[in-house]
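Colleague: Got a minute? I'd like to hear how you justify the labels you put on this one.

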Number of protein chains: 2
Amino acid sequence: MAIELEPIGFVRVEASDVPRSWRRSKLEGALVIDEMYLEGLTNLEQGQQIVVIFNFHRSPRFSTELLRQTPPHSEKESGVFSICSPVRPNPIGMSVLEVLGVEDATVYVRGLDMFDGTPILDIKPYIPQERDRPG
Amino acid sequence: MAIELEPIGFVRVEASDVPRSWRRSKLEGALVIDEMYLEGLTNLEQGQQIVVIFNFHRSPRFSTELLRQTPPHSEKESGVFSICSPVRPNPIGMSVLEVLGVEDATVYVRGLDMFDGTPILDIKPYIPQERDRPG
């Protein structure tokens, strides 16, 4: 039961030294979205935070010996679903980026942790976690 | 350039009345993960928050007239990338759930906004947004 996805666009970034996590990144670049989705970018505005779902297109194929991994700068081996490793059963990444501006179907962003050419699968609004869930 | 993903497991939930958003959901159920990924669940613990990436498997096929949509309980039409609509160019959803417990390869969770049978694509740690990004 395969699920087939098509990129809606690609990351453009000049730096080759890309931070490992958006949490510690100030790297700027662009999400160049396919013109066919231009209308879908309505309401994206400067200063806003967005969730970007993307494909780890340069990751090696996953294999079962990678179900536990020791992240860089850690000494503790963890289950792959407890860490943000780019080598995962489904090579999907998620970053929270800041919108610097939108021009046509290009979204300029800050906080990149993706390589140049990364296929973008989705953009969602980032809504800080506020639950109405007492207990 | 299609990206092919395979479910790592499926959502099991008894209720048929599923809240529209995890933010307002207390619905409990389970993520039944394929046994082959059991080791990857190491470190998942009760009380933890996780990000679950899933497939909107019951959504109709996307078409360009859906690039702007008016969400329920809203009067404002928005670009699809600014809202959480399940009808999107790539039918990928993201929810933050609370782990109630783990038994074998089944993760019991609270906060579900997915239907029974929803294909799960990934589980990631939920790390509250804390940026080292002054300005």
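Modeller: Let's take the labels in turn, bearing in mind that this is a predicted model.

Colleague: Why are strand 1 of chain A and strand 1 of chain B called a pair?

Modeller: Pairing needs at least two bridges found by DSSP. Strand 1 (residues 3-5) of chain A and strand 1 of chain B have three bridges, so they count as paired, and the sense is antiparallel. L5(A), for instance, sits opposite I3(B) there.

Colleague: And within chain A, what makes strand 4 and strand 7 partners?

Modeller: The cut-off is at least two bridges again, and strand 4 (residues 49-55) and strand 7 (residues 92-103) of chain A have seven bridges, so they pair, in the antiparallel sense. There, I53(A) stands opposite M94(A) in strand 7 of chain A.

Colleague: Which strands make up the closed barrel in chain A?

Modeller: Six strands, in the order 2-3-8-7-4-9, with antiparallel pairing. From one strand to the next, the twist averages 45°.

Colleague: How many residues of each chain do you count in the contact between chain A and chain B?

Modeller: There are 50 residues from chain B and 50 residues from chain A. A contact means C-beta atoms, placed from the backbone, within 7 Å. On the chain B side, the elements giving two or more residues include strand 1 (3-5) and strand 9 (119-125). Strand 9 of chain B gives the most, with six residues.

Colleague: What is the makeup of that chain B side by class?

Modeller: The side of chain B that touches chain A has 25 nonpolar, eleven polar and 14 charged residues.

Methods
Residues numbered from 1 in each chain as written. Chains lettered and ligands numbered in written order. Predicted model: local features only at pLDDT ≥ 70, side-chain atom pairs only at ≥ 80, totals over all residues. Contact = placed C-beta atoms within 7 Å. Helix = DSSP H or I, 4+ residues; strand = E, 2+ residues; numbered from the N terminus. Nonpolar A, V, L, I, M, F, W, Y, C, P; charged D, E, K, R; others polar. Axes fitted to C-alpha atoms, helices over the stretch in contact; angles between N-to-C directions.
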